[in-house]
Amino acid sequence: MIKFSGLGSLVLTGILAASLSACSSMVDRQQVEFEGASLAATPAVESRGDVRSAPADGGSLTTAQARKALLGKWYGIANSKTGIRKEWLVERAEDGTYRTDFRSTHPDGRVESQAEVGFWGVSGDVYFRIFRGWVMVDGMKLANAKNPSHYDAYRIDHLSSELMRYQHVDNGRRYIMKRMPENFRLPVVLEQKNTAPLKFEF
C-alpha cells in the first residue's frame, strides 16, 4: 500500500517512478467537458440510474468486480461546443496507478496533447482519482498536492466489460469511455520539465 503522509516530493517521485514503470510502457489531464455524454461509434446504453451494470445474474457489481473491470485501457472522445475534437485514453494498473493521455484537435488543425499520472480507485459505485503530476520527456513534473482540484470523485452510472458511463460528483459533468485493446495508443507529444504543462480541467 502506498502511503502519502510524511513523504517528501523526492520520495513520492521515486514511488511513482517505480509504480508507473509499467505505465511508462504505455508511453506516451483534460478529460473533456461536453454536452450530452456521447462516444463516437458507441451504441446508446440504457440508463440504470446510479446502479452499475453487472454480471448475467442481474446483480450489481461488487467493488472487487468493478475494480477488475476498470483495469486496462479506456478511451473517450467528444466534440466541444467550439468545434474542438477531444480525446483521452486512461490506462489503469492493478497497483492503483493510472496514466491518462489527452489529445485536442482544433478546427484549424492545431493539435495539443499531454499526459498525466496519479492514483485511482473504486468503492461501491464511486470511482475516484488523485492527480499527481505530468509526464515529461525528462521525467515527471509533480503537481501541487494541496490543490483541491487534483482530487476527483465520480458516480458510476453504468459499468460493463466494454463501456463505462460516469458523472463527476462535484460539477455534474457526464462522461463515457469504451474499453480498448492493449495495443491501442493515443499519440501525444511530451514536453520538457521547464515547459509549463497545459491545464486540462475535468
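**Hairpins, cores and rings: how the labels are earned**

Modeller: Let's start at a turn: G96 has a positive phi near 90 degrees, and it belongs to the hairpin of β2 and β3, with four residues between the strands.

Biologist: Before we go on, what kind of model is this, and how are residues numbered?

Modeller: This is a predicted model, where local features need pLDDT of at least 70, side-chain atom pairs count only at pLDDT 80 or more, and totals for chains, interfaces and linings use all residues. Residues are numbered from 1 along each chain as its sequence is written, and side-chain values use heavy atoms, with hydrogens and water left out.

Biologist: What makes β2 and β3 a pair of strands?

Modeller: A strand is a DSSP run of E with at least two residues, a helix is a run of H or I with at least four, and both are numbered from the N terminus. Two strands pair if DSSP finds at least two bridges between them. Strand β2 (residues 85–92) is joined to β3 by eight bridges, so the pair qualifies under that rule, and the strands run antiparallel. V90, for instance, stands opposite T100 in β3.

Biologist: How do you know that β3 is largely enclosed?

Modeller: Buried means under 20% relative accessible area, exposed means over 50%, and partly exposed is in between (1.4 Å probe, protein chains only). In strand β3 (residues 97–105), seven of the nine residues are buried, so the rest of the structure largely encloses this strand.

Biologist: Which strand joins β3 through nine bridges?

Modeller: That is β4 (residues 111–123), antiparallel to β3. R103 has S113 in β4 as its bridge partner. This hairpin has five residues between its strands, and G109 in the turn takes a positive phi of about 95 degrees.

Biologist: What makes β7 and β8 another hairpin of this kind?

Modeller: β7 and β8 are antiparallel over five bridges, with three residues between them. There, H158 stands opposite R165 in β8. β7 also has an antiparallel link to β5, through five bridges, with V126 opposite R155.

Biologist: Where should I be careful with the coordinates?

Modeller: pLDDT, the predictor's confidence in each residue from 0 to 100, has a mean of 74 over the protein, and 65% of residues reach 70 or more. Residues 1–58 stay under 50, and so do residues 198–202. Where pLDDT is low, the predicted coordinates should not be read in detail.

Biologist: What earns the largest set of 24 residues the name nonpolar core?

Modeller: A nonpolar core is a set of buried Ala, Val, Leu, Ile, Met, Phe, Trp, Tyr and Cys residues joined through side-chain atoms within 4.5 Å. The largest such core has 24 residues, and those with the most contacts inside it are L70, W88, W120, Y127, L159, M164 and Y166. Helix α3 (63–70) and several strands give two or more residues each, including β2, β3, β4 and β9 (174–180), while β5 gives the most, with four.

Biologist: Which residues does L70 touch beyond four places in sequence?

Modeller: With contact meaning heavy atoms within 4.5 Å, the partners of L70 are R92, W120, V122, Y127, L159, M164 and R179. A second, separate core of five residues includes Y75, L89, M180 and L186.

Biologist: Why is L186 called buried?

Modeller: Its relative accessible area is 5%, so L186 meets the cut-off for buried. L186 sits in the segment after β9, yet F102, 84 residues away in sequence, is 7.7 Å away in space, C-alpha to C-alpha. Among the contacts of L186 are Y75, W88, L89 and F102.

Biologist: How many aromatic pairs are there, and why is W120 with Y127 called tilted?

Modeller: Rings of Phe, Tyr and Trp (its six-membered ring) pair if their centres lie within 6.5 Å; planes under 30 degrees apart count as stacked, over 60 as edge-to-face and the rest as tilted. The count is nine pairs. W120 and Y127 have ring centres 6.5 Å apart and planes at 45 degrees, so the pair is tilted.

Biologist: What makes Y154 and Y166 edge-to-face?

Modeller: The planes of Y154 and Y166 are 75 degrees apart, with 5.3 Å centre to centre. Y154 is in strand β7 and Y166 in strand β8, so the pair ties together parts 12 residues apart in sequence.
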